[in-house]
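Visitor: I am new to this structure, and I would like a close look at one part of it. Please show me how the inside is packed.

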Amino acid sequence: MVIVWREQGGIDGNEVPRDAAIRELREETGVTSAEVLAEVPHWLTYDFPPNVRESLNHRWGADWKGQAQKWFLLKFNGKEEEVNLLGDGTEKPEFGEWSWLSPEEVIDRAVDFKKPVYKEVMAAFSPYLH
């Protein structure tokens, strides 16, 4: 199985995005049995629509225009029991559920304003996903 993972700003100090993605995967899912297969060679960005921007401004007290993300494709070498959405205990849980999905299902489930990025990611990783 492969994991498509994105790094969007949780980079510590002099950490490189690849290392940050692996660390974040561990912190957020407990997964340590994964190896990087590929990465999208550039950062992908999107703007938040006005309603999302307003909600984030209200919730976090800052004007968030959008996000820049670096995407990685990882191969999961472990057993599904390794996945723990409480993470490794170092961070507040970010996910309530998970499942294996086809690339098409991932794109279909993305919110509309993120779909172009998800399509670009899946196109970049398509040689590994078939």
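Guide: We will begin with the overall layout and then go into the packing.

This is a predicted model, where local features need pLDDT of at least 70 and side-chain atom pairs count only at pLDDT 80 or more, while totals for chains, interfaces and linings use all residues. Residues are numbered from 1 along each chain as its sequence is written, and side-chain values use heavy atoms, leaving out hydrogens and water.

To find your way around, start with the four helices and four strands of the protein (DSSP runs numbered from the N terminus: helices are H or I with at least four residues, strands are E with at least two). Along the sequence they follow the pattern β-α-β-β-α-β-α-α. The C-alpha trace spans about 40 × 35 × 30 Å along its principal axes. Of the 130 residues, 31% are buried (under 20% relative accessible area with a 1.4 Å probe and protein chains only; exposed is over 50%, partly exposed in between).

Now let us step inside. The largest nonpolar core (buried Ala, Val, Leu, Ile, Met, Phe, Trp, Tyr and Cys joined through side-chain atoms within 4.5 Å) has 15 residues. V40, L44, W71, V117, Y118, V121 and F125 have the most contacts inside this core. Three elements give two or more residues to it: β3 (44-47), β4 and α4. The biggest share comes from α4, with five residues. There is also a second, separate core of nine residues, and V31, L74, V83 and L85 are among its members.

V117 is a good place to pause in the first core. Setting aside neighbours within four places in sequence, V117 is in contact (heavy atoms within 4.5 Å) with L44, T45, Y46, Q69 and W71. Two of those partners meet again in the strands: L44 has Q69 in β4 as its bridge partner. That bridge belongs to the pairing of β3 with β4 (strands pair if DSSP finds at least two bridges), which run antiparallel and are joined by four bridges. β4 also pairs with strand β2 (residues 34-39), again in the antiparallel sense, over five bridges. Look for A38 in that second pairing, where it stands opposite L73 in β4.

Next, follow the rings. There are seven aromatic pairs in the whole structure (Phe, Tyr and Trp rings, the last by its six-membered ring, with centres within 6.5 Å; planes under 30 degrees apart are stacked, over 60 edge-to-face, the rest tilted). W71 and Y118 form an edge-to-face pair, because their ring centres are 5.3 Å apart and their planes meet at 75 degrees. This pair ties together parts that are 47 residues apart in sequence, because W71 lies in strand β4 (residues 66-76) and Y118 in helix α4 (residues 115-129). Both W71 and Y118 are buried.

The pair of W98 and W100 is also edge-to-face, since the ring centres are 5.4 Å apart and the planes stand at 90 degrees. Here W98 counts as partly exposed, at 36% relative accessibility, and W100 counts as partly exposed too, at 27%. Y46, which we met beside V117, belongs to one aromatic cluster with F48 and F113.

One last view takes in the whole fold. Among contacts between residues at least 6 apart in sequence, 68% join residues at least 24 apart, and the W71 and Y118 pair, with its parts 47 residues apart, is a good one to find on your screen.
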